[in-house]
Amino acid sequence: MSAPANTGPVSTDDARIAPKPPLRRFHQARWDEPLIFELGTPGARGVAVPAPEVPLDDTLPEALRRKDAPGLPDMSQLHVLRHYLRLSQENLGVDMNIDVGQGTCTMKYSPKVNDRFVRDHRVSELHPLQDERTVQGVLEVMHTLEKMLAEISGMDRVSLQPGAGSAAIYTNIAMIRAYFAARGELEQRDEVITTIFSHPSNAACAKTAGFKVITLYPDKDGYPDIEALKAAVGPRTAALMITNPEDTGIFNSRIAEFVDIVHEAGGLCAYDQANANGILGITRARDAGFDLCHFNLHKTFSTPHACGGPAAGASGVSEKLVPFLPRPTVEFDGTRYRLDDDRPESVGKIRPFYGVVPNLVRAYAWIMSLGAEGLREVAEIAVLNNNYLMKKVLEIRGVSAPYAEGKRRIEQVRYSWEELHRDTGVHSEEIGVRAADFGTHYWTSHHPYVVPEPMTLEPTESYSKQDLDEYAAILAEVAREAYEEPETVRTAPHNSTIHQVRQATLDDPKTWAVTWRAYRRKILGQ
Amino acid sequence: MTGPFAHPYIPNAAPDVKREMLAAVGAESVEDFYADVPAGLRLGRPLDLPAPMRSEAALVRHMSGLLGRNTSTRDVLSFLGGGVYQHYVPAVVDEVVDRSEFLTAYAGEPYEDHGRFQALWEYQSLMGELLELDVVNVPTYDGFQAAGTALRMAGRVTGARRLLVASSVAPDKLSKIRDYVRPDHDVVVVPVVDGRADVAAVRAALAEGDVAAVYAEAPSYLGIVDPALPELGELAHASGALYVVNCNPISLGVVAPPASYGADIVCGDVQPLGVHMSFGGGNAGFIATRDDEPLVAEFPSRLFGVVPTAVEGEYGFGDVAYERTSFAIREEGKEWVGTAAALNGIAAGVYLALMGPQGMREVGETIMANTRYAITRLAAVPGVEVPHADAPHFADFAVRFTGSRTAAEVNDALLERGVFGGHALSERDALYCVTEVHTKDDIDRLAALLEEIAK
């Protein structure tokens with residue numbers, strides 16, 4: 001191919017590339033990828049299976065033999081890979097975007113080196129029932145991680161078994177139930193108190209475990225209403241399950257009083273530490289008198305969020321609840337690590353075996369790379385980033401940070417676009433979707449929307465000042481559009497993989513389609 | 001080191017940036033941000049943690065030392081099963097789930113995270129084909145949770161209290177089920193006879209009434225694919241109970257899917273489908289039903305659905321019947337939903353796409369052939385019995401040692417010879433397991449070692 005002919009001499013001006021515009025001209029990958037069932041070549045296969053070297057077995061009775069081959073696609077290896085790589089490109093992760101918009105989720109950098117450890121066959125190919133002598137390394141990791149989390153929380157023991165944060169909340173309520181059952185008080189103590197700004201799983205797990213749920217709402221300053229707590233506690237109180245700082249990012253400085261009020265009524269207090277990132281090394285569950293707490297290792301302790309798990313939870317308890325911990329525990333006799341399954345008062349198993357081990361290994365490695373000083377730096381920078389971003393965001397027209405006016409926030413803020421909505425009719429959800437056109441996104445809040453038109457931002461320690469400036473500039477631009485050209489926002493996304501989805505059919509049993517089978521049957525009439 | 005240390009994971013730890021940002025928000029120091037944390041709650045000392053390994057090289061060295069104290073099933077020959085299985089994980093599965101875009105994403109909207117929604121909807125769909133059912137959840141944590149939830153779903157649908165367990169079930173799983181259903185249900189274990197369901201006893205227990213579900217496993221904890229599985233479903237239905245079957249999905253290229261013999265709710269763990277064992281940490285629980293509104297309404301999990309978009313020919317995705325969930329209505333939702341095990345679901349989807357219908361049949365055939373061969377070989381070893389040898393088995397099978405050594409002693413002797421024997425169930429009994437990764441030579445080697453050891 002020949003170069004286009006030059007019409008004259010070139011200058012350095014011809015070589016100059018103009019500066020980048022202030023906002024990224026992003027476009028998400030749009031492969032227009034078919035469903036996997038529309039792909040494939042009859043007879044193709046993606047992987048060859050070891051053929052049997054011994055005679056086939058014919059002991060299955062006819063009724064238990066599969067009749068029709070499953071309707072899986074026939075695909076060559078490259079075609080499976082290509083399909084999923086295209087889908088992966090149509091996804092944003094922390095590694096790809098300024099992921100400060102998923103407040104409460106603590107989207108931080110998950111170090112690549114830690115992924116290497118869990119891909120090593122001396123983690124990935126361990127069977128959980130191996131002789132303890134052959135798994136001393138991983139048992140040491142679990143034992144040390146427990147000790148480190150005990151120090152970070154101030155609790156006496158920590159179970160690493162829960163599969164994620166909500167599973168840890170469930171573990172805590174299961175231990176609370178076992179504790180009162182052992183004291184003969186379970187029938188009397190059938191109520192759990194939580195707050196509306198605590199994760200919905202606190203309420204939902206308590207209900208699942210058989211308790212009635214009382215939810216406290218914020219007072220005018222945004223704190224859970226202490227008078228409402230005093231009115232709610234009594235001889236029926238089993239526990240208080242509460243977050244602090246709550247999802248507003250406001251630290252409840254009277255938290256120890258809350259705990260005392262519940263203790264005086266004979267109840268236990270469980271601390272949901274999903275929001276612990278901003279207080280590592282500053283204040284601990286034990287210091288406020290809590291009996292139980294939990295961490296989300298995929299949030300605070302950096303394990304990847306993996307599209308929604310596998311994650312890992314850690315439940316910490318004080319001495320009086322130790323007998324009720326899930327079994328087994330990992331014990332160390334000075335020479336050897338062993339699993340202790342002989343725990344008669346234990347709540348038993350929360351999940352198979354010992355926990356989501358790969359994420360325990362990652363969390364261990366992350367703490368080991370930071371140490372005490374590093375963890376405190378994590379907290380301080382996360383909080384600095386949050387207050388810096390808050391300053392920038394509150395300069396944008398139409399947004400506010402309800403409650404606790406003039407106070408600093410800890411690691412996140414629940415903002416409100418109420419004013420913008422009143423002025424323009426544009427909803428917070430629509431602003432979040434439009435933000436996707438600039439290569440990022442945000443999340444509103446859990447339901448119900450106590451804060452109207454909510455937006456929850458949590459810039460962890462992983463983001464630079466430049467990242468935060470860019471993120472605030474994106475929000476400012478979308479807010480400007482909402483005021484000046486609201487249709488641009490309402491019809492978003494424009495630069496995404498797909499356009500606005502038609503949600504209505506998802507709530508109608510006639511039209512919802514959870515699988516390809518259902519879609520073919522109900523929608524295509526096949 | 002020359003300047004102050006800014007940790008590689010913390011960009012704004014550099015002092016100049018920190019000062020600039022503090023100035024921007026009008027703070028003297030980061031202490032200002034903690035003004036609401038009362039002095040009495042302050043730790044006031046550094047955390048007592050091991051000294052950090054700040055360089056990546058030092059960390060790798062430290063971790064290598066720890067991992068070096070593990071012996072993996074790749075280093076030796078292993079016959080362990082019992083709920084977690086050694087299967088071949090195709091390279092493409094790892095390639096996909098290790099992608100940053102999937103590994104580090106969380107809960108974005110169906111736009112910027114379209115890929116996640118499509119991959120998980122396809123997982124649901126591929127599982128639906130395998131299970132012959134129209135509704136499959138976004139995975140819950142693991143097979144234990146799936147069983148507990150499936151039973152509580154049956155309880156909510158029927159309003160009945162008793163749950164009949166008709167198969168041998170792993171003691172740990174039974175522990176989880178008992179704990180999980182405690183507020184609403186009584187678990188009645190109907191003891192198995194010769195490893196199989198005691199149909200007469202199940203019938204008698206059903207006759208006592210108030211049964212929400214008959215629960216069976218295919219295969220059972222002892223690896224048995226019980227010929228009574230269809231009859232158990234008929235009995236359950238005749239009494240107005242639901243039939244809940246926990247199955248091993250990798251068996252379903254050969255073994256009939258439970259829905260074909262009457263199961264109303266099918267559950268299990270996808271670990272065998274392309275998820276590494278990871279010391280028991282690699283799981284995802286599936287729950288599947290027919291597309292009947294009353295059943296669908298009882299799922300706690302998210303269910304993704306496919307929908308049109310504003311542009312023709314585009315697939316969009318979203319949450320089906322979201323108002324069921326605790327995300328929408330807190331304690332008024334069904335149980336709870338939270339972060340669970342999505343990426344392991346994607347792994348299972350990739351695995352099923354790679355295997356296709358042929359691969360799933362072949363892997364099932366190889367596993368059943370190897371299981372039968374191992375049963376036959378071991379049953380012929382003096383001092384070894386295979387108690388339920390005549391029953392159809394898949395992967396797991398129980399072995400009894402009648403010689404001078406206990407099951408644990410046999411395992412010690414095998415370990416000295418570089419083999420992980422089956423999990424000891426009691427003094428004399430052990431649970432052995434073979435899959436497609438075992439060769440005839442592997443099984444012959446085990447038999448030869450046991451001839452030496454188990455006398």
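1. What share of the 455 residues of chain B count as buried? The figure is 63%. This is a predicted model, and every value below is computed from it. Chain B holds 14 helices and 15 strands. Along its principal axes, the C-alpha trace of chain B spans about 80 × 55 × 55 Å. Consider contacts in chain B with a separation of 6 or more: residues 24 or more positions apart account for 71% of them.

2. Next, the interface. Chain A puts 175 residues in contact with 179 residues of chain B. Helix 10 of chain A, residues 357-393, gives the largest share of chain A's side, with 22 residues. By class, that side of chain A has 94 nonpolar residues, 51 polar ones and 30 charged ones.

3. Chain A is divided into two parts: domain 1 covers 115-368 and domain 2 covers 372-490. The C-alpha centres of these domains of chain A lie 29 Å apart. Their contact takes 19 residues from domain 1 and 23 residues from domain 2 of chain A. On the domain 1 side of chain A, the touching residues divide into nine nonpolar, eight polar and two charged.

4. Now the sheet in chain A. It is open, has seven strands, and follows the order 1-7-6-5-4-2-3. The pairing is mixed. From one strand to the next, the twist averages 20°. Why does strand 1 or strand 3 of chain A have one side without a neighbour in the sheet? Strand 1 (157-159) and strand 3 (212-216) stand at the edges, each with a single partner strand, so one side of each is left free of a sheet neighbour.

5. Strand 5 of chain A, residues 268-272, deserves a look. It is mostly covered: five of its five residues are buried. Both faces are covered. Leu268(A), Ala270(A) and Asp272(A) are buried on one side, and Cys269(A) and Tyr271(A) are buried on the other.

6. Which strands pair with strand 5 of chain A in the parallel sense? One is strand 4 (residues 237-243) of chain A, joined to strand 5 by five bridges. Here Asp272(A) of strand 5 is the bridge partner of Thr243(A). The other is strand 6 (residues 292-296) of chain A, joined to strand 5 by three bridges. There, Ala270(A) stands opposite Leu292(A) of strand 6.

7. Strand 6 of chain A also pairs with strand 7 (residues 313-317) of chain A, in the antiparallel sense. Five bridges link these two strands of chain A. In this pair, Cys293(A) stands opposite Gly316(A) of strand 7.

8. Helices complete the picture. Helix 6 of chain A, residues 165-182, packs on the sheet. The strands of chain A that helix 6 touches are strand 1, strand 2 (191-195), strand 4, strand 5, strand 6 and strand 7. The direction of helix 6 makes about 30° with that of strand 7 of chain A.

9. Helix 9 of chain A, residues 255-264, forms a right-handed β-α-β unit with strand 4 and strand 5 of chain A. Helix 9 lies across these two strands of chain A. It runs at about 170° to strand 4 of chain A.

Terms used. Residues are numbered from 1 along each chain as its sequence is written. Chains are lettered from A and ligands numbered from 1 in the order in which they are written. This is a predicted model: local features need pLDDT of at least 70, side-chain atom pairs count only at pLDDT 80 or more; totals for chains, interfaces and linings use all residues. Two residues are in contact if their C-beta atoms, placed from the backbone, lie within 7 Å. Helices (H or I, at least four residues) and strands (E, at least two) are DSSP runs, numbered from the N terminus. Ala, Val, Leu, Ile, Met, Phe, Trp, Tyr, Cys and Pro count as nonpolar, Asp, Glu, Lys and Arg as charged, and the others, Gly among them, as polar. Domain bounds come from an automatic or database domain assignment. A residue is buried if 20 or more other C-beta atoms lie within 10 Å of its own, exposed if 12 or fewer, and partly exposed in between; C-beta atoms are placed from the backbone. Two strands pair if DSSP finds at least two bridges between them. A crossover is right-handed if, with the strands pointing away from the viewer, the path from the first strand over the helix to the second runs clockwise. Axes are lines fitted to C-alpha atoms, for helices over the stretch in contact, and angles run from 0 to 180 degrees between N-to-C directions.
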